[in-house]
Structure formats: structure tokens, C-alpha cells
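Here is a short set of exercises to work through with the model open beside you. Try each task before reading its solution.

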Amino acid sequence: MLAFGMFLFVSIFFVVLGIISWRSEKPVRFWNISQEIQVSDIKKYNRAVSKMWFVFAVYLAAAGLPVLAGQNNAWIVWTILGSMFGVIALMIVYVRIEKKYRIYE
């Protein structure tokens with residue numbers, strides 16, 4: 001139960017990150033805090049990034065569900081591999097969002 005609680009806590013963190021991204025007036029950053037990014041439409045870019053965070057939060061909470069059945073459950077593989085592939089998918093989705101909205105100087 002504690003492990004699932006940690007998955008939910010991290011998922012809530014990503015929901016909060018999505019809300020902050022949604023309301024931000026400046027383009028939100030993903031890779032680096034000091035990296036400035038120039039985008040064509042700040043509002044659409046921030047909305048796309050915040051939707052990415054919301055979907056990832058739901059996915060991460062779902063990936064943690066097998067932990068409720070116990071650690072000796074065969075479905076725990078879904079939690080381990082699902083989390084890993086989820087983070088990789090998160091990076092791929094962000095690269096596509098950045099490619100769509102970024103202005104290269």
C-alpha cells in the first residue's frame with residue numbers, strides 16, 4: 001500500500017506541474033532550468049506540455065496499480081517496465097511538441 005501511495009504522490013506532483021504549465025505566461029522548460037526556448041505560440045505550447053504531464057500522471061498512477069496486489073505478483077513487471085517505457089515515451093512526446101512549436105534562430 002505504501003508503494004502505491006508513492007506512485008500516487010508522484011502522479012499528483014505531475015498534475016501540479018501540468019497545472020503550473022497550463023497557467024504559465026512564459027514557455028515552460030523541460031530539459032533544463034536555464035534553457036530559454038523560443039516558441040511560435042506560447043499558449044498552445046504550454047497547453048500541449050501540460051496535457052503531456054496530465055496524461056503521464058494518469059499513466060504513472062495506472063502503472064502503480066499492480067503494486068496493490070503485492071510485490072510477489074507477476075503484474076509487478078508492468079509497474080517496472082511500464083514506468084521505464086512511460087518515461088521514454090514522455091521524452092519522445094516532448095521532443096515532438098518542441099519540434100512543432102520551437103523557433104530556431
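A contact here means heavy atoms within 4.5 Å. One thing to keep in mind is that this is a predicted model, where local features need pLDDT of at least 70, side-chain atom pairs count only at pLDDT 80 or more, and totals for chains, interfaces and linings use all residues. Residues are numbered from 1 along each chain as its sequence is written, and side-chain values use heavy atoms, with hydrogens and water left out.

**Exercise 1. Work out which residues Phe 30 touches, leaving out those up to four places away in sequence.**

Step one: place the residue. Phe 30 sits in the loop between α1 and α2; helices (H or I, at least four residues) and strands (E, at least two) are DSSP runs, numbered from the N terminus.

Step two: list the partners. Phe 30 touches Met 52, Trp 53, Leu 90, Met 91 and Tyr 94.

Step three: look at one pair along the chain. Phe 30 and Tyr 94 are 64 residues apart along the chain, yet their C-alpha atoms are separated by 7.9 Å. For Gly 86 and Phe 30, the separation is 56 residues in sequence and 16 Å in space, C-alpha to C-alpha.

**Exercise 2. Describe the overall layout: how many helices and strands are there, and in what order do the elements run?**

Step one: count. The protein has three helices and zero strands.

Step two: read from the N terminus, and you get α-α-α.

Step three: add the dimensions. The C-alpha trace spans about 55 × 20 × 20 Å along its principal axes.

Step four: check how the contacts are spread. Take contacts between residues at least 6 apart in sequence: 68% of them join residues at least 24 apart.

**Exercise 3. Find how α2 is oriented against α1 and α3.**

Step one: get the geometry for α1 and α2. Helix α1 (residues 2–23) and helix α2 (residues 42–63) pack at an angle of about 170°, their axes 8 Å apart. Axes are lines fitted to C-alpha atoms, for helices over the stretch in contact, and angles run from 0 to 180 degrees between N-to-C directions.

Step two: apply the cut-offs. Under 35 degrees is roughly parallel, over 145 roughly antiparallel, 65 to 115 roughly perpendicular, and the rest oblique. So α1 and α2 are roughly antiparallel to each other.

Step three: sort that contact by class. It has 16 nonpolar, five polar and two charged residues, where Ala, Val, Leu, Ile, Met, Phe, Trp, Tyr, Cys and Pro count as nonpolar, Asp, Glu, Lys and Arg as charged, and the others, Gly among them, as polar.

Step four: repeat for the other pair. The axes of α2 and helix α3 (residues 76–101) come within 10 Å and cross at roughly 175°, so α2 is roughly antiparallel to α3 too. The residues of this contact divide into 17 nonpolar, four polar and one charged.

**Exercise 4. Decide whether Ser 50, Gly 86 and Ala 62 are buried or partly exposed.**

Step one: fix the scale. Buried is under 20% relative accessible area, exposed over 50%, partly exposed in between (1.4 Å probe, protein chains only).

Step two: take Ser 50 in helix α2. Its relative accessibility is 0%, so Ser 50 counts as buried. Beyond four places in sequence, Ser 50 touches Gly 18, Ser 21 and Trp 22.

Step three: move to Gly 86 in helix α3. At 6%, Gly 86 is buried as well, and its contacts beyond four places in sequence are Phe 56 and Tyr 59.

Step four: finish with Ala 62 in helix α2. Ala 62 comes out partly exposed, at 34%.

**Exercise 5. Identify which members of the largest nonpolar core touch the most other members.**

Step one: define the set. A nonpolar core is a set of buried Ala, Val, Leu, Ile, Met, Phe, Trp, Tyr and Cys residues joined through side-chain atoms within 4.5 Å.

Step two: pick them out. Of the 20 residues, they are Tyr 45, Val 49, Met 52, Trp 53, Tyr 94 and Ile 97.

Step three: trace the sources. Each of α1, α2 and α3 supplies at least two residues, and α2 gives the largest share, eight residues.

Step four: zoom in on Trp 53. Apart from neighbours within four places, Trp 53 contacts Phe 14, Leu 17, Gly 18, Ser 21, Phe 30 and Leu 90.
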